[in-house]
Amino acid sequence: MAIDLIETPEAALPLGHYSQAVAHQGTLYLSGILPVAIDGDRFAVRPFDEQADLVLAHAGAILAKAGATVADIVKVSIYVTDISNWAGFDARYARFVGDHKPARAVIPVPALHHGFDIELELIAAVKG
């Protein structure tokens, strides 16, 4: 029962002691994705929409590295510090997943690590 660690340079590398994603027995678990640029530039001072675009791009890159697509997403959790940004994110998210509608939770939080405004994590099915 191997646990495969997934890492791609097409998404920001972890800022701590964790993997971008882990695959185990046909399930892919993406760690919380913060809006950190691939070069390590922190996006905390950038507009929310840019932060949202970046976490979705990273999610897509990590899914691709694991051999999955957005159609394989089972569950998404999105943490936001300002729920008034939700409508803008929801439109971006809808473009990202297309016709696919995985289970989803939106969790308003008072703060996120490094002062970011959004964090996204997801679970997907993969060939295992």
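Two strands count as paired if DSSP finds at least two bridges between them. The model shown in these views is predicted.

**View 1. Strand β4 and its pairing with β5.** Strand β5, residues 103-108, runs parallel to β4 and is joined to β4 by six bridges. One bridge partner pair is Ser 77 with Ala 105 of β5. Together with α2, the strands β4 and β5 form a β-α-β unit that is right-handed.

**View 2. Strand β4 and its pairing with β6.** Seven bridges link β4 to β6 (residues 118-125), and this pairing is antiparallel. Ile 78 has Leu 120 of β6 as its bridge partner.

**View 3. The loop between β4 and α2.** Asn 85 sits in the loop that follows β4 (73-80) and precedes α2 (86-97). Its relative accessibility is 23%, so Asn 85 counts as partly exposed; buried would require under 20%. Asp 117 is 32 residues from Asn 85 along the chain, and their C-alpha atoms are separated by 9.2 Å.

**View 4. Helix α1 and its buried residues.** Helix α1 covers residues 48-65, and its 18 residues should span 26 Å at 1.5 Å a residue; the end C-alpha atoms are 26 Å apart, so the two values agree. Buried residues in α1 include Phe 48, Leu 54, Val 55, His 58 and Ile 62. The buried residues of α1 pack against the strands β1 (3-6), β2 (21-24), β3 (27-33), β4 and β6, and also against α2.

**View 5. The residue Gly 67.** Gly 67 lies just after α1 and has a positive phi of about 80 degrees.

Key:
Residues are numbered from 1 along each chain as its sequence is written. This is a predicted model: local features need pLDDT of at least 70, side-chain atom pairs count only at pLDDT 80 or more; totals for chains, interfaces and linings use all residues. Side-chain values use heavy atoms; hydrogens and water are left out. Helices (H or I, at least four residues) and strands (E, at least two) are DSSP runs, numbered from the N terminus. Buried means under 20% relative accessible area, exposed over 50%, partly exposed in between (1.4 Å probe, protein chains only). A crossover is right-handed if, with the strands pointing away from the viewer, the path from the first strand over the helix to the second runs clockwise. The expected span of a helix is 1.5 Å times one less than its number of residues. Contact means heavy atoms within 4.5 Å.
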